[in-house]
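Good morning, and thank you for joining this group meeting. Please look at the structure on the screen while I go through some of its features.

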Amino acid sequence: MLSRHLYSGICTNQFEARDLLQYDFEGRKDLVKFVKVAWEAGLLVHLRIGPYACAEWNYGGFPLWLHFIPGIVLRTDNKPFKVEMKRFTAKIVEMMKQENLYASQGGPIILSQVENEYGNIDSAYGKGAKAYINWAALMATSLDTGVPWIMCQQDDAPDPIINTCNGFYCDQFTPNSDKKPKMWTENWSGWFSSFGDPVTYRPAEDVAFSTARFYQLGGTFLNYYMYHGGTNFGRTAGGPFITTSYDYDAPIDEYGLLRQPKWGHLKDVHAAIKRCEDALVATDPKTTSLGSNLEATVYKTESGKCAAFLANVDAESDATVNFNGNSYHLPAWSVSILPDCKTVAHNTAKINSVATVSKFVRQLSRDDSAAAAAAAADAFISGWSWIYEPIGISSNGAFAKRELLEQINTTADQSDYLWYSLSIELKEDDKNIVLHVDSLGHVLYAFINGELAAAGKGSHSNPNVSMDVPFSVLPGKNKIDLLSLTVGLQNYGAYYDLQGAGVTGPVLLKGLENRSTIDLSSQQWTYQIGLRGEELRLFDGGSSLWASHPTLPKNRPLVWYKTTFDAPSGTSPVAIDFTGMGKGQAWINGESIGRYWPTYTSPNNGCTDSCNYRGPFSASKCTKGCGEPTQKYYHVPRAWLQPTDNVIVLFEETGGDPMQISFATKVAQSVCSRISETHPSPVEMSSGSGPTLLLSCPSPNQVISEIKFASFGTPRGSCGDFHQGRCGGSGDDLAVVQKACVGLSRCNVSVSTDLFGEPCKGTTKSLAVEASCAYGKGS
């Protein structure tokens, strides 16, 4: 933990220059353009200004120079902080006003947010928290946007600020005034990933259940976090240890592809709720019990408009209920939506949407002939060149201190890297010495006399590093070089901005003559911020220092690598598989794609082959990838690529073989659906059409080229692994589906015995289909 006074005397030139700082809204940071693009797409905008964002973003989205302002305390009743917060908030509001983007001006912005999830941690700030929240509310409303302001997770938000809910479920949330609408600013569609942990996924049925329950019980506004996954390019990932991928198991994945069936299932639940709109906006709901864990909520107007939600919140048992004289089957942990209080338009446990199975296809297929593969590999590898990063101090900007310095204070986050270097005289008789190092994290490499002697890493839950390093003594002067790394800065929690990093000690030499110990913490240490290669901008790929020899250095620490490559053909999203590398950073044509770390694998146990959507969800309930790298593939936007002569630069920290990396494209391998006789009609079809299986290709230019599997009866398995059950699966099933679907971009097949016959009387049957899609001629 850093004490606040540490910030008062460091880098004063940054304090004095802060008024000269320029706002940067260029390129991907063009906020005005983003809002306009959303508007052009027909979307409304909730502008969450913050300025604290969290979002697993480096330092929660704050610029680090804030922390060097004398006397500042972030996110409390502190004048220096409030000056900067108001400056930024007013700047954003003014930018929107100048472009007439608020709804009060005819634009798409219907809401704005100030602060973010402060109520989760405000008790740590004492009396200053309430004063700060009241100030923030007055500051925001004084900017006269003409649209409401909200604070999420802030139960004491003062009028007229609307307090809202974030979480996996918000149906039980109640705003702090009956004059305020019930709003859900973050329905978490999944969860973030951190290096060394398994990857969380959230079943589509549970997300749909949470959404339907919210609107059932009076909800008015819902936003998904995330709806479109993304990528933490550069050094933007926070945490620490947040992965470069921020896919979040979102309905639209990190690569811009639909994650089916989640996307389609949520589309269907919202379409069903939309059909209830006239009743929902005209009256308040009335909820009655239909039995244990069973509820009926009705919206009924004097003019006869009626919509109903039937809920079974039991985590285990299905139920049959009577409502308005009719019988309805309710699976456990589900909601049925009845837009006319009679007919079920949607049940959250019954997915009508198509499912897809995607895979990464290597640019160089393993199925290629050995000769072709070798030739292609040679063509790719022949351009590799490299530069060794110096071990220890190599910069004229190095400086010395007779103490161990905390890293973030020292680097001001200009780089992940900080060198701690020390020379010490030792006797030839000093054998079996151990160097003990304690660090606040996040990663530490210990070099003894120019050789990597040990490496240590923390984790998201415990970033600290403690290591005992065997010391091979040379007579006379011995060199200790410690390379300390950050892996994203803390982004959440009370006083999170004061969480430190780096070697703060003690640093001890143990096992000297007479078993004595020397504390090196107060010795004369020399420091270097960043790498020599960063100073030379090697990541741009244009330096004249690159070396190329027949023997490529492999599995050596601290090496920069460079080569050129052609963009993968087609339009599918592109990724890099860093298998064979250790840990480092990568750039494509000068653009940083972030930190890679394929050697940091998750624990071997704790994952689930399948996840039961029934029952409350948590981030640890459904996980995958145990025993595997937390992140194997790294997104490369096609917009960053040119057809040929693209430059890739790697900085490898621990040692790897760049010849093993490969490019891949992400493609849909199969499209599937499984619909039972008890499914409601698809929302997009008339209610009288009955259960219907819908298939559609991921791309509008594709057609269904093959039916891989079709079975009407009791098929088992899941998409990509369907197999026959105890009944059904005749050859006629395949022929029926082939006739209905092959050659079309989308098709529908009635799930009925009239079409498929009766394979097993007295049993509820399902139709399961797996298909492949291919691009049609001319596409």
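Let me begin with a question: is Cys 741 buried or exposed? Cys 741 is buried, because its relative accessible area is 0%. Here, buried means under 20% relative accessible area, exposed means over 50%, and partly exposed lies in between, with a 1.4 Å probe and protein chains only.

Before going further, I should state that this is a predicted model, in which local features need pLDDT of at least 70 and side-chain atom pairs count only at pLDDT 80 or more, while totals for chains, interfaces and linings use all residues. Residues are numbered from 1 along each chain as its sequence is written, and side-chain values use heavy atoms, with hydrogens and water left out.

I turn to the disulfides. The structure holds 8 of them, where a disulfide is a pair of cysteine sulfur atoms within 2.5 Å. Cys 741 belongs to one: its partner is Cys 747, and the two sulfur atoms are 2.0 Å apart. This link is right-handed, with 85 degrees about the S-S bond. Cys 747 also counts as buried, because its relative accessibility is 7%.

Not every cysteine is bonded in this way. Cys 54 is in no disulfide, and the nearest cysteine sulfur, that of Cys 152, is 9.5 Å away. Cys 54 is nevertheless buried, at a relative accessible area of 6%. Cys 152 is likewise in no disulfide; the nearest cysteine sulfur to it belongs to Cys 165, at 9.3 Å. With a relative accessibility of 1%, Cys 152 counts as buried.

Another disulfide joins Cys 672 to Cys 719, with 2.1 Å from S to S. The bond is right-handed, with 70 degrees about S-S. Which parts of the chain does this pair tie together? Cys 672 lies in strand 36 (residues 662-676) and Cys 719 in the loop between strand 38 (702-713) and helix 11, so the link connects parts that are 47 residues apart in sequence. Helices (H or I, at least four residues) and strands (E, at least two) are DSSP runs, numbered from the N terminus. Cys 672 is buried at 1% relative accessibility, and Cys 719 is buried with a relative accessible area of 19%.

Close in sequence to Cys 741 and Cys 747, we come to Leu 744, which is found in the loop between helix 11 (731-741) and strand 39 (746-750). Why does Leu 744 count as partly exposed? The reason is that its relative accessible area is 40%. Leaving aside neighbours within four places in sequence, Leu 744 is in contact with Cys 697, Val 703 and Ile 704, contact meaning heavy atoms within 4.5 Å. Leu 695 is 49 residues from Leu 744 along the chain, and their C-alpha atoms are separated by 9.5 Å.

Let us now consider the sheets. Strands of a sheet pair through backbone hydrogen bonds, either parallel or antiparallel. In this description, two strands pair if DSSP finds at least two bridges between them.

One open sheet is formed by 5 strands in the order 18-29-35-31-32, with antiparallel pairing. Which strands form its edges? They are strand 18 (385-388) and strand 32 (591-596), each of which pairs on one side only. Within this sheet, strand 31 (residues 584-588) and strand 35 (residues 646-652) run antiparallel and are joined by 5 bridges. Ala 586 stands opposite Leu 650 in strand 35.

A further open sheet of 5 strands has the order 10-11-12-15-16, and its pairing is antiparallel. Its edge strands are strand 10 (286-291) and strand 16 (346-347), each pairing on one side only. Strand 15 (residues 334-338) pairs with strand 16 in the antiparallel sense over 2 bridges. The bridge partner of Ser 336 in strand 16 is Asn 347.

Finally, I would draw your attention to strand 28 (residues 525-529), which is joined to strand 19 (residues 399-401) by 3 bridges, the two running antiparallel. Ala 400 stands opposite Thr 526 in strand 28. Strand 28 also pairs with strand 20 (residues 417-426), in the antiparallel sense over 4 bridges. In that pairing, Leu 418 stands opposite Ile 529 of strand 28.
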